[in-house]
Amino acid sequence: MHLKTLVLNNFRNYDHLEVSFDEKVNLFIGDNGMGKTNLLEAIHLLSTGRSFKTNKLTDLIQDGKSYFFIKALFEKEGVEQSLQIGYEKNSKKIEYNSTKLEAFSHILGIIPSTLYCPKDLELITGTPSERRRFLNVLLAQNDPLYVYHLLRYTKALKQRNVLLKTKKTLGIECFEKEMSLSGAYITKARKTTLEKLNIETLNSLKKLSFEDSSYTLSYAPSIPMKQDTVESSFLSQLLKLREKELILSSTLTGPHRDDISIFQNNKLAKDFASEGQKRSLVASLKHAEWTMLHSKHFLKPLMCVDDFGVHLDQTRKLAFEKSLTSFGQVFITMPKNELTLKPGKLFEVSHGRLNII
């Protein structure tokens, strides 16, 4: 997998940019606010269909402009390909190899990637929604059927909540059946993925950390997990809680309430791990995410690292830097070049402009 060229028009602080990348390590340096992270944001948008900084596409349009356009030219399995996204006046246009796509969900898996940024510490310290989002992005890039069921479940959930808020139950069984069917698939997929992720994370920790602490990732679903009975268990739960949920106007159980419990020596890492240990665990999670994408796609996904210097202490940073050689194409941002390894291309970013050093 090789992202050869990135084109940006009216994207964040970039009027127009066309930049070609090295097949290995690409480093972007410069002061804060110059546009380094915006480059990773564009790559992430092309990979996942979403920004990691905002939920509003209008925020990505340069001030004073009416649209943005981004395009990636890349080589995958020896074939030259292209993917582009345009957005103007609440209208999006997505095109993959001259074929128009209707939704962002259709681009998932085309350019598989992993993003490692300072906000990822919230995987340990943040809310369950952060951990669910992490799992969703990983699974969505690996399993098109997961995306189908996640969209189907979300739509049925919204319709059920509307009925709960209006205190009407006519037809609610139809949405509950949809939720139980797709919810069962989501729950099983998350459990299987998390079991694999736990193994890969522990393997990564051995490479990136120098401690004897024991870590465990444990799936915490809100519905009973009894092998093939998940669907019927979920349906029974929805029926059992319906009266209470009518009072609260909200669905209290289902994959939208799931969490990942992260333990250090059988204690919650959120409360008992040190800052250094938490950062090591996040780095290992991201390394494990990349490994799982690699094994599924049989190619090396892109690895994007934002603000490389702030993630880890010096010892752990050097260990993570050493691991960069095992990745394929890497994109790194940092205030100045502090890498001990030589990047394939070094860019200085200033006010939306790139200069090769």
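The exercises below, each with a worked solution, deal with helix packing, pockets and a sheet in a predicted model.

**Exercise 1. Describe how helices α3 and α5 pack, and which residues make the contact.**

Solution.
- Step 1: Two packed helices are described by the angle between their axes and the distance between the axes.
- Step 2: α3 covers residues 128–142 and α5 covers residues 172–208; their packing angle is about 90°, and their axes lie 11 Å apart.
- Step 3: Angles of 65 to 115 degrees count as roughly perpendicular, so α3 is roughly perpendicular to α5.
- Step 4: On the α3 side the contact is made by Arg132, Phe134, Leu135, Asn136, Leu138 and Leu139, and on the α5 side by Ala189, Arg190, Thr193 and Leu197.
- Step 5: By class, these contact residues comprise six nonpolar, two polar and two charged.

**Exercise 2. Give the volume of the largest pocket and state what lines this pocket.**

Solution.
- Step 1: The largest pocket holds about 1,100 Å³ of space.
- Step 2: It is lined by 32 residues, of which Arg50, Asn136, Leu150, Leu151 and Thr154 are the closest to its centre.
- Step 3: Helices α1 (36–48), α3 and α4 (144–165) each supply at least two lining residues.
- Step 4: The most comes from α4, which gives eight residues.
- Step 5: The lining contains 15 nonpolar, ten polar and seven charged residues.
- Step 6: Asn136 therefore appears in two places: in the contact of α3 with α5, and among the residues closest to the centre of the largest pocket.

**Exercise 3. Do the same for the second largest pocket.**

Solution.
- Step 1: The volume of the second largest pocket is about 400 Å³.
- Step 2: Its lining has 22 residues, and the closest to its centre are Phe52, Lys119, Asp120, Glu130 and Arg133.
- Step 3: At least two lining residues come from each of β8 (113–116), α2 (122–125), α3 and α8 (275–297).
- Step 4: α3 provides the largest share, five residues.
- Step 5: Sorted by class, the lining has six nonpolar, seven polar and nine charged residues.

**Exercise 4. Work out the strand order of the three-stranded open sheet and name its edge strands.**

Solution.
- Step 1: Strands of a sheet pair through backbone hydrogen bonds, either parallel or antiparallel.
- Step 2: Here the order is β9-β10-β11, and the pairing is antiparallel.
- Step 3: β9 (215–220) and β11 (267–268) each pair on one side only, and these are the edge strands.
- Step 4: β10 (residues 259–264) is joined to β11 by two bridges.
- Step 5: Opposite Phe263 stands Leu268 of β11.

Methods: Residues numbered from 1 in each chain as written. Predicted model: local features only at pLDDT ≥ 70, side-chain atom pairs only at ≥ 80, totals over all residues. Heavy atoms only, no water. Axes fitted to C-alpha atoms, helices over the stretch in contact; angles between N-to-C directions. Helix = DSSP H or I, 4+ residues; strand = E, 2+ residues; numbered from the N terminus. Parallel < 35°, antiparallel > 145°, perpendicular 65-115°, else oblique. Contact = heavy atoms within 4.5 Å. Nonpolar A, V, L, I, M, F, W, Y, C, P; charged D, E, K, R; others polar. 1 Å grid on protein atoms, 1.4 Å probe; cavity = no way out; pocket = protein on both sides within 12 Å on 5 of 7 lines; lining within 4 Å. Points joined across faces, edges and corners; volume = space filled by probe spheres on them. Pairing = 2+ DSSP bridges.
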